[in-house]
Amino acid sequence: MDPPVNQMSARRACVIGSPIAHSRSPLIHGYWLQTLGIPGSYDKIEVKPGELAEFFASMAEKGFVGCNVTVPHKEEALKLAQRRTARAEEFGAANTIWIENGEIWADNTDSHGYEMSLDQEAPGWDTARRALVLGAGGASRAIIAALLRRGVERIDCVNRSVERAEALAALFGSKVHAARFEEAPVLMKDADLLVNTTALGMRGKDPLVLPLETLKTDALVSDIVYVPLETDLLREAKARGHRIVGGLGMLLHQAVPGFVHWFGATPSVTPELRAILEDDVRKAGG
Ligand code: ATR
């Protein structure tokens, strides 16, 4: 049977990566399409390493107006795109792609997503003057950029491999200082904001071992891990009376700009959407 007329012109978007089965992006965009009454679709598509160029070349022909990009294609997507936003250039990786006037555009919305998640869940957070950031990978880079943008005056970045923290400090300039992971308890004394950007504490990964005794009582604690929804770090911080922000908000807010490009409407991160994602994470044992 032919699809109804309104679905024939429906816009298609997707998330690509490998593996892709566990991506929660379809849940997010599917909710927005449904609640906004937009006749579009959002699928997940396995694109194996080495197959990205082929996917990009056939994207428009397949009817896609764009996609999200996840592991392992984020760096290559930036290179293959014909146009890049300044922030995608800055981060050296893309997570959001769209076609405009026949050209493929690449954007990176992680930093924006983190900033929006703190704005929504910890209003006033940007009065923080000092932050301690655990980790020095791609996520750390996006988060440090967000903190600097919002006026944090000093950021201590600690990492298992201190040279990666040093590279970030060199990249960002005098407000970012590198240190070894073991120095975290001392650096914590002056921090108004503590952020975990590593995968430590994620289900199936090593635990994050970090006593919080030295953390100021009014410090905010944020963790980008969202499986489990409440990591050991967040649980301990909550028990000690700290304000906490989990990682689900960053996932939800980083999705907004892509939706705007593909479907032409600005979606909201509502409590209902958050609850749907939380249920899904719990079902997966998180
Ligand atoms: P992402 O893009 O998610 O930030 P990444 O660039 O691979 O991923 O960075 C992962 C971060 O988690 C790094 O800071 C990494 O520390 P190293 O640079 O020393 O590898 C940190 N990390 C991952 N596993 C870790 C572990 N078992 N102990 C300490 N840090 C770990």
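A strand, as counted here, is a DSSP run of at least two E residues, and strands are numbered from the N terminus. Keep that in mind as you select. The model on your screen is predicted.

**Stop 1: a loop between two strands**

Select Asn101. This residue sits in the loop between strand S5 (96-100) and strand S6 (103-107). Check its backbone: phi is positive, about 50°, although Asn101 is not a glycine.

**Stop 2: two cis peptide bonds**

Go to Ser18 and Pro19. A cis peptide bond joins them, with omega at about 0°. Where does Pro19 lie? Look in the loop between strand S1 (12-17) and helix H2 (25-36).

Now select Val71 and Pro72. The peptide bond joining this pair is cis, and its omega is about 10°. Pro72 belongs to the loop between strand S3 (64-69) and helix H4 (74-80).

**Stop 3: the two domains**

Colour by domain. Domain 1 takes residues 5-109 and 255-283, according to the domain assignment. Domain 2 takes residues 112-249. Taken over C-alpha atoms, the domain centres are 27 Å apart. Each side brings residues to the contact: 13 from domain 1 and 13 from domain 2.

**Stop 4: the interface**

Zoom in on the place where the domains touch. The size of an interface is often given as the accessible area lost when the parts come together. Between domain 1 and domain 2, about 1,100 Å² is buried. Carbon and sulfur atoms give 58% of that area.

Which three residues supply 46% of the area that domain 1 buries against domain 2? Select Phe91, Arg274 and Val281: no other three residues supply more.

Stay with Arg274. Its side chain meets the side chain of Glu121 in a salt bridge, 3.2 Å from N to O. How many salt bridges does the rule find across this interface? The count is one. There are also six residue pairs in polar contact across the interface, with both residues at pLDDT 80 or more.

Next, show helix H5 (86-91) and helix H13 (271-283). These are the elements that give two or more residues to the side of domain 1 touching domain 2. H13 gives the most, with five residues. Now colour that side of domain 1 by residue type. You will find five nonpolar, two polar and six charged residues.

**Stop 5: the ligand**

Centre on the ligand and show the residues around it. Start with the run Gly135, Ala136, Gly137, Gly138 and Ala139, which are among them. Then add Asn159, Arg160, Ser161 and Arg164, which are also part of the surroundings. Finish with Thr198, Leu200 and Asp206.

Look at some backbone atoms here. A polar backbone atom of Ala136 is 2.9 Å from an oxygen atom of the ligand. For Gly138, a backbone N or O atom lies 3.1 Å from a ligand oxygen. For Ala139, a backbone N or O atom lies 2.9 Å from an oxygen atom of the ligand.

Definitions and conventions. Residues numbered from 1 in each chain as written. Predicted model: local features only at pLDDT ≥ 70, side-chain atom pairs only at ≥ 80, totals over all residues. Heavy atoms only, no water. Domains from an automatic or database assignment. Contact = heavy atoms within 4.5 Å. Buried area = accessible area lost by both parts, 1.4 Å probe. Salt bridge = Lys/Arg side-chain N within 4 Å of Asp/Glu carboxyl O. Polar contact = N/O pair within 3.5 Å; in protein donor to acceptor, adjacent residues only side chain to side chain. Helix = DSSP H or I, 4+ residues; strand = E, 2+ residues; numbered from the N terminus. Nonpolar A, V, L, I, M, F, W, Y, C, P; charged D, E, K, R; others polar. Near = heavy atom within 4 Å.
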